[in-house]
Structure formats: structure tokens, C-alpha cells
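Student: Could you take me through one part of this model in detail? I'd like a close look at a single helix and whatever surrounds it, and then anything else you'd care to point out.

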Amino acid sequence: MTAAQDARAILSRMGVHENIFAPGDLPTRSPIDGSSGSPVRVATRDEVERAIASAAIAFDAWRRVPAPRRGELVRLLGDELRVAKADLAALVTLEAGKIASEGLGEVQEMIDICDFAVGLSRQLYGLTLPSERPGHHMRETWQPLGPVVVISAFNFPVAVWAWNAALALVCGDPVIWKPSEKTPLTALATQAVVERALARFGDAPDGLLQVLIGGRHVGEALAADPRIPLVSATGSTRMGRAVAQTVAARLGRTLLELGGNNAMIVTPSADLDMAVRAIAFSAVGTCGQRCTTLRRLLVQEDVAETLIARLAKAYDTLPIGDPREDGVLVGPLIDEAAAVGFDQALAQAIEQGGTVVTGGGRVDRAGTYVRPAIVRMPAQTPVVMHETFAPILYVLTLREFDDAVAIQNAVPQGLSSCVFTDSVREAEQFLSAWGSDCGIANVNIGPSGAEIGGAFGGEKDTGGGRESGSDAWKAYMRRQTQTVNFSSALPLAQGVRFEV
């Protein structure tokens, strides 16, 4: 069986209806062997309109449900995801090309955020504030916001939806999901899991959780509609700018998770054994297609030659191939366009003075496989400043720690960052206000592997959004300041006198 046929069998087993394929408009393809599956139906403009209207009606009902009861739906969703974990993870591998353990890990993230959100449903805390007026009290409360649109990318085809949906649901908001056109099948399979949770819950309103398959026209229609107060979008900076401008034109809100051009600084005191493992996982995992992929390695001169030699040896033994097979660590790029981008970036790096240490080029097999590359660069040239969504690691050698921090911060993106050092001074400087300018800063671990307990997101061209962890739930709610006068007088604030 081809990978596309395997995907079709899993969909059937998970209860996805055959009518999603007939008549089909959007081609489906597995990057594992290049096999094409049946095209899926794309939402029409009328269907988009009906989905938004349905979500608006659902909001009126769902916001009246007590938050702990809303949390019960998320608990049931987590239960159903546990049951479906193996099948859904296998589908992530087949459609996105992730190795099997990463597919399982992505579904585990969905389960983890459900657990997190269930507890949160009893912790949507506000504040009680002292009033300057006698016989008054003030408080700040958080109210449901409205229908939320989630636009997700192919590289995390299901987890990003869950990060948003689990929080939005407990906050009282319906969710409309527009997945990547490159990974529609995982979204449809997830919706089948959602339907089982909704059936067990029993009395959720229609239109609470919806999926709309489609391309740019679907995303633009959702972003432009004033009935959608929040659009959460994950993808390229170019896409994020377009979404932000459309939503801002109607004074809506956005939660943007965009590009990352993440760096690691390695100092002379670093544990090189740990650093090599962290670099390899962060730079080649998911074939370099994570937003937190390590793309720039900033090494101080004293350890540069030793570290680069060890990395080259590790790269030369990387198992590349079918991500379903045991032992494989590097699967395919998502499609031919990504492979072309990989080739072009390497050519540009050479033109800009770079030297390929190892890797580069295609692997001779069906599918879109490349050899992860290490490239030594003379400086942070334009190609290094640009995020290429492929496994290319640019290495720069520096003398001073402060210079490394400055170079790390000198790119437009600001998602994740890390330093390997055994110096407390260097670690704390990296984490200080004048250290890393990224939303995520790690010491002695790579830039990848964020947990849902911490807020995820970045600064600058990364978009400024935060998902999961801490108080990220507030993005899905509106704050209201309330003042209650329980006296028999009407004193005014700031001592103002106004006698009528």
C-alpha cells in the first residue's frame, strides 16, 4: 500500500465520512513516497458564511454554560484523544512526514493541553480592587470573547489547534478551524474525535467546533468577518502580516505565531556532549520544519573546530528515510517546493561566502528527502537572516560572548533561543533584560521542545502572540471593570463635585 492508501484506511477506521472526498477540490499527498490520495472538498463561500453564523449562535449558548462544565467537554476530548492517539499520530506521520515518535508527541501535546485547560476552567480568576469612594467596591472580571478562528500550519497539523481550542472552549468561545491546505486529513480526523467527545457531553450547541477546509479565500473571509473577534494564525511572517492587516482594519484581535530564526550560542565552558545532541535534534528534527528549529549556531572560537567536527560526524550518520521505520531520525520535507527552497538557500549561502561542511542535495528515493546540511558562514549574511524552512544549520565563529548575543538578536525574528554554558554569569546575562530578545530563552537545552505549561510565542516578526501556559487564556476573553455602589450616597471619583 502507498502512504496515501494507508492514510485513507486510518481515516475510515477513525470514522471520517467518505463524503469529504466527493466531489474533491483539494489534492492530498503524502511526502513519504509522493503518493496522491483522493482530493477533499473545499468549503464554499456560502459554507463559510453558514459556519460563522452558526458559531455566533453557539457563542450565545456556550457563554451561559458555567466554566467548570465547559471544562468537562475538554476533559472528554482529552479522553477521546487518548483512545485515538495511535491512529491520529500515524496520520500526522503519513501527511506531514514526521517520524513516528514526533507524531505521537504531537498528539500527546493535545492531551496535555486538555488536562491543563480542565484545571484552568476553575481558575479564570479576576481581581477585587479597593475603591476610593466609600460604600463602593471594584473588581475586574473576564468574560467570554466570542467565536475564535484558528489558522494552523502543516508542521504541527493538530497540536496548534488544540493549544487554541482547549483554552477557547473553557473560556466560553466557539472555534472555527482552517487547517493548512497541505494537511487537511489530520484536521478531518481530529474533527471525528471531537464529534465523539461532543456526543458524550450531550448538550453542546451546534457550531461549537467546526472545520473549514480551503485555501486563501477561506482564510481571508474568516479574517475579514466582524463576528470573529479573535483570529489565531500560525504560519509565515508574510501570511501573518496579511491576516493582521485585515483583522486590524475592523479593530479585531490577532494572536500570531510566525517565523523563527533560532540561534544557539556555545561557549568554551559548554558540555559538548550535551550540545551535540541538542543541536542535532533541534536542527534536523521534523526535517528542519519546526518554527523552533535551530538555524544558527554561534560558537566561540576556542571550541569551534572541535564542535563542528563532531557535528559533521553526527550528521554523516543520520538515518534518513521513511519516518514510519524504526531508527529513522530524518523524514521528508513537506513537498517539492520546500526541497527547491532548500537547494536555493544552499546555493545562496555559497554565493555569500559560505562553505558546506556536510550534507546538501537530494536523497535518491520517492518522496521529498534531502540531506541535512551544515554551512560555515563568514558573517550573518542575508541568507542567514532569512528563515528557510528546511534542515540547514549556519555556523558562525565568534570571539566574545557579547558579540554572540548581539548577532543572535540582530535578525527580524524573535521566537526561541538558547545558550550552552557552565558559567552562571553567562547564563544569567543571556536571560537578562539585555540578553536574548526572544520569547523563549533556554540554558543548556536546545530551542525546540516547549511544554504546554509555559507560554509559547515570540517577538518582532514572530508576531508577539502567546499560546498555552500562564495567563495566555486571557487572549480568549474580554476584561471588564465593574464598580458596585452599595451605599445610599453618590460620591464621585477624584473628589469631583457635581451638584444638581
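**Around helix 8**

Tutor: Let's start with Val-247, which counts as buried at 0% relative accessibility. Keep in mind that this is a predicted model. Val-247 sits in helix 8, and its contacts beyond four places in sequence are Ala-223, Val-231, Gly-252, Arg-253 and Thr-254. There's another link back along the chain: the C-alpha atoms of Val-247 and Ala-224 are 6.0 Å apart, although 23 residues separate the two in sequence.

That takes us to helix 7, which spans residues 216–224 and has Val-218, Gly-219, Leu-222 and Ala-223 as its buried residues. Looking down the axis of helix 7, you find those buried residues within an arc of 125°, so they line one face of the helix. What lies over them? The cover includes helix 8 (237–249) and helix 2 (45–62), along with strand 5 (148–151), strand 6 (175–178) and strand 8 (230–234). One of the buried four, Ala-223, is also among the contacts of Val-247.

Helix 8 has a second role in the picture, as a wall of the largest pocket. With seven residues, helix 8 gives the most to the lining of that pocket. Helix 7 is again a partner here: along with helix 5 (159–171), helix 8 and helix 11 (336–351), it supplies at least two lining residues. The pocket holds about 1,400 Å³ of space. Its lining runs to 49 residues, and those nearest the centre are Gly-235, Ser-236, Thr-237, Arg-238 and Met-239.

Now follow the chain out of helix 8. Leu-251 is in the loop that leads from helix 8 to strand 9 (253–257). Is Leu-251 buried or exposed? It counts as exposed, at 78% relative accessibility. The backbone is worth a glance too: phi of Leu-251 is near 60°, a positive value in a residue other than glycine.

Ser-468 has a positive phi as well, near 70°, and it isn't a glycine either. Ser-468 belongs to the loop between strand 18 (459–460) and strand 19 (477–485), but this residue is buried, with a relative accessible area of 2%. Ser-468 also helps line the largest cavity, together with Glu-109, Trp-163, Ala-450, Glu-451, Ile-452 and Phe-456. The volume of that cavity is about 40 Å³, and the search of the whole structure turns up one cavity of 30 Å³ or more.

One more stop, at strand 10 (residues 262–266), where you'll find Asn-262. Asn-262 counts as buried, with 1% relative accessibility. A polar atom of its side chain lies 2.9 Å from the backbone oxygen of Cys-291. Leaving out residues up to four places away in sequence, Asn-262 touches Cys-291, Thr-292, Thr-293, Leu-294, Arg-295 and Arg-296, plus Leu-415, Ser-416 and Pro-447.

And why doesn't Cys-287 pair up with Cys-291? The sulfur of Cys-291 is the closest cysteine sulfur to that of Cys-287, but at 15 Å it is too far for a bond. Cys-291 is in no disulfide, and its own nearest cysteine sulfur, in Cys-438, is 12 Å away. Both residues are out of the way: Cys-287 is buried at 1% relative accessible area, and Cys-291 is buried at 15%. With a cut-off of 2.5 Å between sulfurs, the disulfide count comes to zero.

Technical notes. Residues are numbered from 1 along each chain as its sequence is written. This is a predicted model: local features need pLDDT of at least 70, side-chain atom pairs count only at pLDDT 80 or more; totals for chains, interfaces and linings use all residues. Side-chain values use heavy atoms; hydrogens and water are left out. Buried means under 20% relative accessible area, exposed over 50%, partly exposed in between (1.4 Å probe, protein chains only). A polar contact is a pair of N or O atoms within 3.5 Å; within protein, one must be able to donate a hydrogen and the other to accept it, and residues adjacent in sequence count only if both atoms are side-chain atoms. Contact means heavy atoms within 4.5 Å. The arc is that of the directions from the helix axis to the C-beta atoms. On a 1 Å grid over the protein atoms alone, a cavity is a set of points where a 1.4 Å probe fits but cannot get out, and a pocket is an open set with protein on both sides within 12 Å along at least five of seven lines; lining residues have an atom within 4 Å of a point. Grid points are joined across faces, edges and corners, and a volume is the space filled by probe spheres set on the points.
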